[in-house]
Each structure stands twice: as C-alpha cells, then as structure tokens.
Amino acid sequence: MNKRPFVIFFLALCFSTLRASTFEIDGIWYEITSDQTVRVVPETSATDGSGTFIIFNYPYEGDITIPATITYESKEYTVSAAKAGTFQESSNLTSVSIPATLTDLGEAPFASCIKLTTITVAEDNPAYSVIDGLLYNKTATTLFACPGAKEGAITVKDGVTIIGKSAFHGCSKLTSIEMPASVQEIGAEAFRGCKLLTTINLPDGITVLDNRVFYNCHALSSISLPDGITSIGSNAFYQCSALSSITLPTSLQVLGEYAFSLCGGLRSVTLPAGLKEIGYRAFENCYRISTISIPASVTTIATMAFCGCSNLRSIDVAANNTAYSSQDGVLFNKTKTTLLCCPSAKSSTYTVPATVNTIGEYGFYACKSLVSITLPYSLTILRPYSFRLCSNLKTIALPPSVSQVGRNSFSGCNALESILVYSRDVPNTDAATFTTNNLNVPVYVPAESLESYQSADNWKAFTTILPISADIVDGNLGDVNNDGQVNVSDIMTIVNVILGSPTSTYYRWQMGDLNFDGRTNVSDIMKIVGLILNN
C-alpha cells in the first residue's frame, strides 16, 4: 500500500486546521486559547511540493503595539499571552509595546532581535516592568530581556537574582555588563552573540554556567570565574577568540562539550584539582595551547577533547589518577592498553608502547608532523579515525595481531606511500574503512594470504596488493632490539616474545619476520642464526 498520498493529505489537513485557528488583525497574528482569551503567535506559512511539507514562521518587523483586546468574528477577546518564540530572531523588529493584559511572553521573548531599541510595558501590567530600558518581572528580581540594539555599557538593577535565558542574546553592540552581587542564576545563551563584550563580572552566588552562555562573544578577553561554579555547560565559551587564559575554579567538576571550542586565542588553561569530566571537543581548535595537565580527579575525558589543538605538544596526567596515564606526553588509559590521544604537535617519529592493544578513536587525529609511527606487536584494534589527517605519514605497518581496522582509519593520510599488513587473517573492516585516496596506495601482505586479501570485501578495492618482501621493509632484518647488530640478543628477544615472557627489550616485530609470513617463530630464529654465522 502506498502511504504517501495519505501522509500528504494528513499534513495538508493539519495545516488547514492550523491556518483556521490563527488569524491576523492589524499586522499581528493571534491564536484563540479560551472563550475569552487569545495569544500572539508568529505568522505561519507552509510549502507543499513533491511530497515535501515545510512549516516556517515569518518574523515580525518595525514597531509593534500589542492591544489589550481584539475583536474577531464579532466577539471580543483579551490578549493574555504571546507564544514562546513569537518574536525571537525578528531581526527587523524595532519596538514592542506590551499591554497590561499580557502576562506571559514565554521564555527568551526577544532573543536575537538585533534592531530592537525599545520595549514598553503598561504601568498596571502585573507581570512585567521596564527599568532603564530592560525588561524585568514586576518585582525586578528576574531580568528577561535587553533590547538588541542597546550600545555601550549596561548595569543590571540591584536585587536581580536571575538573568533569564537569552536575556542579552544578540546584543552585539554592548561592551560591558555590570551585574549586582544578588545574581544567583544565569540562563542558557544569556550573553550569546554579544560580539563587542569585553568585560563582565560574575557574582559569587553563581554555581552553574549554562549552555552557550558566552557563545560567540568574540571580544571577551578575560573573565574571572567565581569559586562555587560546579559545571560549565556545552558551548559555554564557544568562539570566544580573544580569551587568552583562564583559571577554572577549584569547585568545578564538569566541563561540558565544546566548552572552549574555537577559542583560538587561549594560550593556557589550568584544570582544577576537583575536575571530574572533560566533555567532547571541550578544547577543539584551541591551537595556541601547548600543554595540558590532567589532575588526579578526572575520571572522564571524552573523545576529541583536544582535537585541532595543533600546537599541543604534551598531555600530562597526575601519577595518582585512577583512570588515565601519560607517557612522553601521550594520553592513555591507566593500564596503557589503549592509546587515547597523541598531541597534534608530536613531530617526526613516534613508537607506541608495547603495552598497547588498541588505538582509540581519533587517537592520532591531525598529527600532521608525524612521518613515521611504529605500532607494537600487541596491537589488535584500530578504532575509527585512528590516523585521520596524519597528512605527512609516509608508511604504516600493522602487526600480525591486528584483527580490526575501523572506519576512516587513514582518511586524509594523503602522503601515504605504502600500507604493510602482517596479519595472515584478513582484518575486519567496513565499507567506510578506506577512503578513495587510500585505494591507490599499495598494500603489502603475507605471501600466503595474498589471494585472501585480493578477494576480501573492502580490501579488494585497492589498486595494488602485493606480497611483503625485503625491499619494502624499513630497517635491518633480524635486528629486533634495534641495537644496530644482528646477534644472540636478538634471538633471545624473539624467544621471549614467542614464550610470552616479559621483556624490557625494545622489540621491532617487523625485523623478526624474516620470511614475511605474518608470524615470528622458530623458522625466523633459524634464519637469524644463518645471518650470524654468515656475518
């Protein structure tokens, strides 16, 4: 049964019902809410073409005077409210006059009304008042809105305890805001888009910085966060590009996703001893930060917390942290079995520790200075995007133990000249593991598994798949401990690996597979013996 005609009919019926319940008088749209009341709503329209049904709102423009009562179809109604969002983003709205009867404007009533110069409220309105051009509740304890066209400095009335959601959203000409000590709560997006705001004081009573509270405050160059703040919401300081440094309060426990994303001027940040959680992309593209110190208290670091930090050279973790560890400035889980984040500024070559069995998602993301990465014999899994945007990586050798290669593992690795895969069993992949640019890179595999790779899904898309040979191995075959010689110590290292015995000796597994069959065993030892006997 074709359901599409029914769906179109149903949506059209809904829209006709919507149009019938709203009406316009003198440029203002209304909706009946009871036998005696109406509320102001945005003008609504729709498009229905080729099965597409889109409902959207037209913004209000110019000077709007809302009446106390209206007459519709010979009946009088009291205008008691405005639907939430009615005036939001009305970029050409210049003034609004609110009658005594209208007592509910909804949340964030004039967010991003960038040309709004004046809000007036009838003196006998029981819900709202205007003081120095700002919209408050009647008792002036909650600030609801500042007209978007206000310029210069603003002082919030003493006694205010709540700055409402989006109260200053879109006030792009304000340079400073002075808040009284009485403020205890600041709503989400309160100062969003205040692009010229350079200074603001945050009262001591604030415990939470809500989502997007300083979003796109480009000129905010410094801010003092009071002790007592326990949470900084998502995108709180997004694109505050003039912010050069910040000290987070000792009370802080949660740093939300994208909290300081695109803060390109941020050179240093001090994470407090009580911090527990660092959110997804929290410091994304903070490209001037060079070091990050993770305190012992942190138990969660989300994926890509430091992605795009192109100058980041070191992530250091407190020794007594129970969830994470670091070595040579690289972030791992506590037991160093998973590499979580290699700083983007790591240069030239890097050897992954022998304890690691997993390269985490985005583990080497945008490490554009790395030319060579040596993976350990213990490695089994490459999570998605493991080496994404390692744009100078020349070659990569996957050890025999690798069983899974995640999606887009090598996307953006445009300098790759070869991929060596030592696993005799074809590693699991999906359709997005390799990108179009990868497919022209020659892949080298154990000779006995050549046909398996050439016929395997996703692998067979490569233009060239060849057997591993001495010509393409980077190093001296047999010198597994990298001391520049092939001798008995190399044999002992291989024996320890075969027996699973702990060894502190550096082990270059590629140099131990002398017959290129994807495993290191007695036959390889015999070949090393032959090399020794023949110098």
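In this predicted model, F191 touches I163, F168, I177, M179, I186, I200, V213, F214, Y215 and C217, leaving aside residues up to four places away in sequence. F191 also belongs to the residues with the most contacts inside the largest nonpolar core. The others named there are I163, F168, F214, F237, F260 and F283. I163, F168 and F214 thus appear again among the residues that F191 touches. This core holds 66 residues. At least two of its residues come from each of strand 12 (134-137), strand 16 (173-178), strand 25 (291-294) and strand 27 (314-317). Another core, of 37 residues, lies apart from it. V352, L375, V402 and L416 are among the members of that second set.

The secondary structure of the protein chain comprises five helices and 39 strands. Of the contacts between residues at least 6 apart in sequence, 35% join residues at least 24 apart. Buried residues account for 47% of the 535 residues.

The overall dimensions were computed from the C-alpha atoms. Along the principal axes, these atoms fill a box of roughly 110 × 65 × 30 Å. The radius of gyration is 32 Å, whereas a compact globule of 535 residues would have a value near 24 Å.

Surface and charge were examined last. The protein chain exposes about 23400 Å². Carbon and sulfur atoms supply 49% of that area. The chain carries 33 positive and 44 negative charges. The mean positions of the two sets are 3 Å apart.

Technical notes: Residues numbered from 1 in each chain as written. Predicted model: local features only at pLDDT ≥ 70, side-chain atom pairs only at ≥ 80, totals over all residues. Heavy atoms only, no water. Core = buried A, V, L, I, M, F, W, Y, C linked by side-chain atoms within 4.5 Å. Buried < 20%, exposed > 50% of the residue type's maximum accessible area, 1.4 Å probe, protein only. Helix = DSSP H or I, 4+ residues; strand = E, 2+ residues; numbered from the N terminus. Contact = heavy atoms within 4.5 Å. Rg over C-alpha atoms; globule rule 2.2 N^0.38 Å. Areas by Shrake-Rupley, 256 points an atom, 1.4 Å probe, with all protein chains shown as cover. Lys, Arg positive; Asp, Glu negative; His and termini not counted. Charge placed at Lys NZ, Arg CZ, Asp CG, Glu CD.
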